[in-house]
Amino acid sequence: MQKLKDKIITEGRVLSDTVLKVDSFLNHQVDPEFSVELGHELARRFAGDGVTKVFTVEASGIAVALTTGLALKVPVVFAKKKRGATQGKNSYSSNIYSFTRQESVDIHVNKKLIAAEDRVLIVDDFLAHGEALRGMAEIIAQAGATLVGVGIIIEKVFQGGGAALRAKGVRVESLAPVISLAGGKVEFAE
Ligand code: 5GP
């Protein structure tokens, strides 16, 4: 998506050879109109796949998951990083490790929110090592639901998470595949 690539070049900041900061429009401050465009593009790519639910993890995936769900006209579920006091054993859980934060965290979803007959599209802002997606896919499997695919705004291809998922047969669509951040320069795949 060319407009996204242009925005990453003009507004993004390369913090290191592995970390890209895009908090002016994607995951700290959110550009609502642009988020709607991103959601429409992800929805277009999965239109006709019978998606019944969009699934993400709090917090930075929620904005684009919401606009994707809006375009597909399906509910949006986000995994919580703290189990609600009222949830008890009524939740599916998984543990994910964040390489950016260097900590592992449990994520939880109330069992009522994903059913075996659901066809789930995972949406997230970034795909790096694929840990967050692995955890979300595990929760979908616990529910016995079907993982339709994964829609990502920025995939850091060089960190291998996308390749590992594709090797398992998961359909991964990313709107801006970044192949390198070396030397402070963002390079995209075609
Ligand atoms: P993964 O689990 O694929 O390694 O990382 C996914 C999560 O880590 C994303 O949802 C995002 O919150 C965070 N993340 C990974 N790499 C970056 C990055 O380069 N920039 C920002 N802002 N967040 C990142």
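**Exercise 1. A loop residue.** Lys73 is in the loop between helix 3 and strand 4 (76-79); which sign does its phi have?

*Solution.* First, a word on the model: it is predicted, local features require pLDDT of at least 70, side-chain atom pairs count only at pLDDT 80 or more, and totals for chains, interfaces and linings use all residues. Residues are numbered from 1 along each chain as its sequence is written, and side-chain values use heavy atoms, leaving out hydrogens and water. Helices (H or I, at least four residues) and strands (E, at least two) are DSSP runs, numbered from the N terminus. Now turn to the backbone: phi of Lys73 is near 60°, a positive value in a residue other than glycine.

**Exercise 2. A peptide bond.** Is the bond from Glu58 to Ala59 cis or trans?

*Solution.* Check omega, which is near 0°, and the bond is cis. Then place Ala59: this residue belongs to the loop between strand 3 (53-57) and helix 3 (62-72).

**Exercise 3. The open sheet.** In what order do the 6 strands of the open sheet run?

*Solution.* Start with the pairing rule: DSSP must find at least two bridges between two strands. The resulting order is 4-3-7-8-9-10, with mixed pairing. Next, look at the edges: strand 4 and strand 10 (187-188) each have a single partner strand, so one side of each lacks a neighbour in the sheet. Finally, zoom in on one pair. Strand 3 and strand 7 run parallel and are joined by 3 bridges; Phe55 has Ile122 of strand 7 as its bridge partner.

**Exercise 4. A hairpin.** How many bridges join strand 5 to strand 6, and in which direction do these strands run?

*Solution.* Strand 5 (residues 91-98) and strand 6 (residues 103-110) are antiparallel, with 8 bridges between them. As a reference point, Ser93 stands opposite His108 in strand 6. At the turn, the hairpin has 4 residues between the strands, and Gln102 takes a positive phi near 55°.

**Exercise 5. Around the ligand.** Which residues are closest to the ligand, and how many surround it?

*Solution.* Step one is the shell: 16 residues surround the ligand, counting those with a heavy atom within 4 Å. The closest are Leu20, Ala128, Gly130, Ala132 and Lys156.

Step two is the polar contacts (pairs of N or O atoms within 3.5 Å). A polar side-chain atom of Lys156 is 2.7 Å from a ligand nitrogen atom. Glu131 brings a polar backbone atom 3.0 Å from an oxygen atom of the ligand. For Asn27, a polar side-chain atom is 3.3 Å from a nitrogen atom of the ligand.

Step three is cover: of the 510 Å² of accessible area (Shrake-Rupley, 1.4 Å probe) that the ligand has on its own, the protein covers 85%.

Step four is the elements: strand 7 (119-127) and helix 4 (131-143) are those giving two or more residues to the shell around the ligand. Strand 7 gives the most, with 4 residues.

Terms used:
A polar contact is a pair of N or O atoms within 3.5 Å; within protein, one must be able to donate a hydrogen and the other to accept it, and residues adjacent in sequence count only if both atoms are side-chain atoms.
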